[in-house]
Amino acid sequence: MTARLPLPPSLYADTAVAPVATPPLDVDKTASVAIVGGGYTGLSTALHLAEQGVEALVLEAQEPGWGASGNNGGHTNPGLKHDPDQIEADFGAELGRRMIDFAYGTTNFTHDLIGRYQIPCEARQNGTLRTAYNEASAAAIEATAKQCIRRGMPVTYLNREQLREMTGTDRYIGGMLDSRGGDLHPLSYARGLARAAISAGAKVHGETPALSLRRDGSRWRIETPRAIVHADKVLLATNGFTDDLWPALRRTIVPVFSSIAATAPLSDEVARSIMPTRPVLYESGHITVYYRIDQQNRLLMGGRGPMRWISAPNDVAYLMRYAERLWPQLKGVAWTHGWNSRLAITGDHYPHVHEPAEGVLISLGCNGRGVALSTAMGAQLARRLIGGARAEIDMPVTGIKPIPMHAFWPVGVTTAVIAGRVRDRLGI
């Protein structure tokens with residue numbers, strides 16, 4: 001038996017809507033599609049399959065949203081890591097264009113889905129700011145903005161004065177605003193997705209880790225602690241918690257901890273002085289810092305922290321110090337929560353979709369953009385699971401390629417974080 005782990009001690013765990021019942025699987029089952037992983041990708045795929053009358057069964061080791069899906073920054077950001085021109089250069093004009101249209105449409109897709117199912121998750125669509133505090137980063141952001149504007153996207157490039165008005169700090173010299181971005185309560189959203197999937201006819205089982213996966217005649221056999229699942233097709237959607245269920249898959253991503261610290265609710269005056277129009281923001285630096293003010297006036301500051309689990313804001317004291325550097329009026333404000341979770345980084349910083357065997361589909365590697373991207377991927381993956389290889393999706397389907405020297409990633413990540421913080425502090 002696998003003991004259920006409590007949720008990470010986050011602000012979200014203290015304030016989320018109540019979870020829907022997802023009892024452990026304790027009797028053998030058959031299903032058209034078995035999904036391993038109860039985060040946004042798995043739950044959205046289950047929902048979109050169930051909407052089309054396909055029997056979907058989700059196996060989640062803990063509870064829906066236990067991983068990064070319930071513990072992220074809460075930003076719904078459009079796009080991919082790479083610029084549109086780079087995407088087209090990497091994948092060609094036709095697929096590249098589809099990838100761009102899909103990726104930059106993920107936020108509208110997600111907020112539309114939230115509205116359609118009336119998911120109570122504090123969702124807002126007040127825009128995403130990407131900002132720079134040095135000339136090189138500002139030039140790169142301006143180039144991105146021009147590429148987006150050329151394609152007709154609702155993007156605006158902002159100068160120092162405009163950014164000071166929007167953020168209450170003079171730290172930034174340039175940035176871009178994409179009006180399609182927004183935010184939400186991540187754990188409430190995960191629980192709402194689970195509830196929507198179940199209401200549509202999907203089965204979701206918590207405390208049910210997949211222990212083994214193998215072919216068994218014409219179907220796939222998944223062993224869990226209490227029962228066996230036989231399925232025609234399988235989706236693996238484990239992202240930053242990918243293990244050895246499928247050979248070599250774990251070595252295709254680097255699981256990286258991203259940490260968040262949250263203040264107590266700020267006064268209306270202080271909150272208005274920081275982010276009066278309530279966009280979300282992420283910096284273009286060597287080590288990304290991201291933040292937002294939620295609907296209760298709390299400031300949530302996120303960034304790279306220790307490559308281990310944390311449980312208090314003091315574990316990421318640098319985020320609190322940085323917040324006071326941006327807004328001196330925060331000195332003396334109480335910080336109530338500090339937490340983190342693991343997200344998945346790929347070697348090329350693109351999401352990865354694999355089909356390593358007939359009837360097996362894999363999706364992982366959101367590279368820190370998982371809220372909207374993985375939600376929208378659910379519809380894509382459902383289409384592929386229903387239609388097979390003939391059903392084209394708007395992301396490339398590639399082979400599994402382990403990252404070279406993968407065993408050394410913890411040292412590499414820690415070194416990169418330390419070096420990046422130093423370079424950001426020096427402004428180089």
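**Exercise 1. Determine the handedness with which helix H5 passes helix H8 in this predicted model, and classify the angle between the two axes.**

Solution. Begin with the crossing itself: H5 passes H8 in a left-handed crossing. Next, locate the two elements, since helix H5 covers residues 106-117 and helix H8 covers residues 186-200, and note that their axes come within 11 Å and cross at roughly 60°. Finally, compare this angle with the limits: roughly parallel requires an angle under 35 degrees, and roughly perpendicular begins at 65 degrees. H5 and H8 are therefore oblique to each other.

**Exercise 2. Describe how helix H2 is placed against H5, giving the axis distance, the angle and the handedness.**

Solution. Two packed helices are described by the angle between their axes and the distance between those axes. For helix H2, which spans residues 40-51, the axis comes within 14 Å of that of H5, and the two cross at roughly 60°. That angle makes H2 oblique to H5. The last step is the handedness, and here H2 passes H5 in a left-handed crossing.

**Exercise 3. Find how many cavities of 30 Å³ or more the structure holds, and characterise the lining of the largest cavity.**

Solution. Rolling a probe the size of a water molecule over the atoms shows where empty space is left. A search of the whole structure gives 3 cavities of 30 Å³ or more, and the largest cavity holds about 60 Å³ of space. Its lining consists of Leu11, Tyr12, Thr15, Glu122, Leu184, His185, Arg292, Asp294, Gln296, Arg298 and Leu300. Sorted by character, these lining residues comprise 4 nonpolar, 3 polar and 4 charged. Sorted by element, the largest share of the lining, 3 residues, comes from helix H1, residues 11-15.

**Exercise 4. State which domain UniProt places at residues 33-383, and describe that span in the model.**

Solution. First consult the record: the unreviewed UniProt entry places the feature "domain: FAD dependent oxidoreductase" at residues 33-383. Then turn to the coordinates, where the end C-alpha atoms of this span lie 12 Å apart, while its secondary structure amounts to 32% helix and 28% strand.

Conventions:
Residues are numbered from 1 along each chain as its sequence is written. This is a predicted model: local features need pLDDT of at least 70, side-chain atom pairs count only at pLDDT 80 or more; totals for chains, interfaces and linings use all residues. Side-chain values use heavy atoms; hydrogens and water are left out. On a 1 Å grid over the protein atoms alone, a cavity is a set of points where a 1.4 Å probe fits but cannot get out, and a pocket is an open set with protein on both sides within 12 Å along at least five of seven lines; lining residues have an atom within 4 Å of a point. Grid points are joined across faces, edges and corners, and a volume is the space filled by probe spheres set on the points. Helices (H or I, at least four residues) and strands (E, at least two) are DSSP runs, numbered from the N terminus. Ala, Val, Leu, Ile, Met, Phe, Trp, Tyr, Cys and Pro count as nonpolar, Asp, Glu, Lys and Arg as charged, and the others, Gly among them, as polar. UniProt positions are given in the numbering used here, feature names are shortened, and annotations may be inferred rather than shown by experiment. Axes are lines fitted to C-alpha atoms, for helices over the stretch in contact, and angles run from 0 to 180 degrees between N-to-C directions. Angles under 35 degrees count as roughly parallel, over 145 as roughly antiparallel, 65 to 115 as roughly perpendicular and the rest as oblique. A crossing is left-handed if the near helix is turned anticlockwise from the far one by less than a right angle, and right-handed if clockwise.
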